[in-house]
Amino acid sequence: MSLFVLAETPAGYGLFKSSDKKLFKNDDLAAELGRPEKLVEMLKLKKFVKFDSAAMALEEAASLKEGKVPSLLTSLLDDIKSEKKASLAVADIKLGTAISNLPQFNITPVAGNNTMDVFRAIREHLSSLIPGLVQENIDRMSLGLSHSMSRHKLKFSAEKVDSMIIQAVKLLDDLDKELNVYAMRTKEWYGWHFPEMAKILNDNLAYARVILHVGMRQNVTDSDLSEILPEELETAIKEASEISMGTEITDEDLDNIKLLADQVIVYSEYRTQLSSYLESRMRAIAPNLTALVGYLVGARLIAHAGSLMNLAKSPGSTIQILGAEKALFRALKTKHDTPKYGLIYHSSLIGQATGRNKGKIARMLSAKAALGLRVDALGLPDDDEEEDEEERAMLGLSSRIKLENHLRKLEGKPLLPKGTNVTPSGELVGAGQFSLKETRQYDNDMDGVTDTNGDVAATNGKEKKSKKDKKPKIEVVEEDEEDSDSESDSSNDAPKKLSEKDFERLAEAAGISVKKFKRKYERGDIELNPDGTPVVHSKKELKKARKAEEKAAATPEKKKKRKHDEEAEVESARKEKKQKKKRHSEA
């Protein structure tokens, strides 16, 4: 039985024949291989196949790494096909298994710890074993092949898309920490000059914008903050600036504070942009996972697992406690209860559950997420068919609706109506209801309207009786002249339409900005005198005027009586007279 050794070099394939059939059973093999003369005696070159180009060397190395037998190696192995029984020593076990599976060869591959010493010695003394090869050329070839192999891995890596998500979500967490630090430092720094503003404004972004817009505390009363803050906060800040207890600062201090506030604004805008980018990438790569747990929790799960494929290989129980490994091993060590959830706790579904239902929903959600992940990672669409995002996320959306209904059952709430959909952001969209209403027939008696003018009162008694028999359903009652006058006054009180030039001129006369003048004029807080000068009413004056109007409206007015009320009074008077006559007759 002949023994052959296959050497994979950056220059080509080398096939060596061993002079000793029991080479690997020698105990002193490692010591003998240290001398190149002894190595040349043990191994004799039978055939060497050279690579034609660097591209060919890259293709052969990539196929060998995947455990495949390339065509060039197959042609080399044809030289030992004539051997009845041959054993071939290879460096990789996967390659040996692939060679043994070839039907045209009767070769027994050999791989193990003993073979590694032989291959190590071949790499050290390759120039002496293969004539014509210089050690410098071999080093250059190995360096170029390693660079090409690394580029090939990076180009055709299946996990390269996941790395974008992992880097984005990690950067998002880092930005949140940096933003909090910068915003707190800005409030603390500017708080020495204007400490009251930090209590009024809780929004860090609005706080930084106010600093850039105003500058010193003394400029707050003269500046217009309507574009940054609502009117209530603007008035509160202006009132606080007049009675502030802060210290005075120099212009150089203010410049440094403004630079820090500018950094807060820039980081906040970049964070929103990065968040939208991460959401779009998650909906494109893992739509089912995004529909179930949200894009932020899904991205953190992928980053914790290392890749989408690694997360898809994990069972539901692993996904449930992913991120709580320390608590899990601590519980196993101390024999306490294991954690019920990890990173998945921050999803909206678990946040809706209460008490013990959180653990149940976490277990069901992790099981559904495991199924959705396998569809996202392995269920690639066909090349001819292009699926939409909603079609790809159909499994996740349907599972989300089932989980919502199950949670409502546990909480004792009504189930979702049929046809309810869930958007990828997690919002529930109800189905439009269609209902039929009975048609209403038109009643002709509704057209009967009587006039209560003085001419009608002077008609004959027969006409009065006929009107009493047929009472109309609608009667027209005359309105007082006061009501009509009030309507005309209210129509006159409506503000007149002004042009842009008029607004600018009147705003300058009033001493306020054009936007604030427009807002107050439309609200009715500004009146125009006959000479055209504007009069700005304060809130206190408007409140006093409203209270006066309410008191005037609360005075008792004469009630308007309709015709049927008068008839009822007449009939009651007649009945009282008849009862009195009966009493006198009985007496």
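**Exercise 1. A surface patch with Leu-395**

Leu-395 is located in helix α22, residues 394–411. Helices here are DSSP runs of H or I with at least four residues, numbered from the N terminus. The model is predicted: local features need pLDDT of at least 70, side-chain atom pairs count only at pLDDT 80 or more, and totals for chains, interfaces and linings use all residues. Residues are numbered from 1 along each chain as its sequence is written, and side-chain values use heavy atoms, with hydrogens and water left out.

Task: Decide whether Leu-395 is buried, partly exposed or exposed, and find its patch partners.

Solution.
- Step 1. Take the cut-offs: buried is under 20% relative accessible area, exposed is over 50%, and partly exposed is in between (1.4 Å probe, protein chains only).
- Step 2. Leu-395 has 33% relative accessibility, so it counts as partly exposed.
- Step 3. Patch residues have over 30% relative accessible area and no salt bridge; nonpolar side chains (Val, Leu, Ile, Met, Phe, Trp, Tyr) are joined within 5 Å, like charges within 9 Å.
- Step 4. The partners are Leu-371 and Val-375, and the three together have about 220 Å² of accessible area. Areas come from the Shrake-Rupley method with a 1.4 Å probe; for residues, only the protein chains shown count as cover.

**Exercise 2. The nonpolar core**

Task: Find which helix supplies the largest share of the largest nonpolar core.

Solution.
- Step 1. A nonpolar core is a set of buried Ala, Val, Leu, Ile, Met, Phe, Trp, Tyr and Cys residues joined through side-chain atoms within 4.5 Å.
- Step 2. The largest one has 37 residues. Those with the most contacts inside it are Leu-278, Met-282, Leu-289, Leu-311 and Leu-365.
- Step 3. Several helices each supply at least two residues, among them α9 (160–191), α13 (251–285) and α20 (357–378).
- Step 4. α20 gives the largest share, seven residues.
- Step 5. Put this in context: in soluble globular proteins, nonpolar side chains tend to be buried together.

**Exercise 3. Salt bridges across the chain**

Task: Say which parts of the chain are tied together by the salt bridge of Asp-176 and Arg-271.

Solution.
- Step 1. A salt bridge is a side-chain nitrogen of Lys or Arg within 4 Å of a carboxyl oxygen of Asp or Glu. The whole structure has nine.
- Step 2. In the pair Asp-176 and Arg-271, the closest N and O atoms are 2.4 Å apart.
- Step 3. Asp-176 lies in α9 and Arg-271 in α13, so the pair ties together parts 95 residues apart in sequence.
- Step 4. Asp-176 is partly exposed at 25% relative accessible area. Arg-271 is partly exposed too, at 24%.

**Exercise 4. Buried charges**

Task: Classify the partners of two salt bridges, Glu-234 with Lys-516 and Arg-400 with Glu-404.

Solution.
- Step 1. Glu-234 and Lys-516 meet at 3.7 Å, N to O.
- Step 2. Glu-234 is in helix α12 (residues 231–242) and Lys-516 in helix α27 (residues 514–523), 282 residues apart.
- Step 3. Glu-234 counts as buried at 3% relative accessibility. Lys-516 is buried at 18%.
- Step 4. For Arg-400 and Glu-404, the closest N and O atoms are 3.4 Å apart. They sit four residues apart in α22, so about one helical turn separates them.
- Step 5. Arg-400 is buried at 1% relative accessible area, and Glu-404 is buried at 3%.
- Step 6. Shared partners join Glu-234, Lys-238 and Lys-516 into one salt-bridge network.
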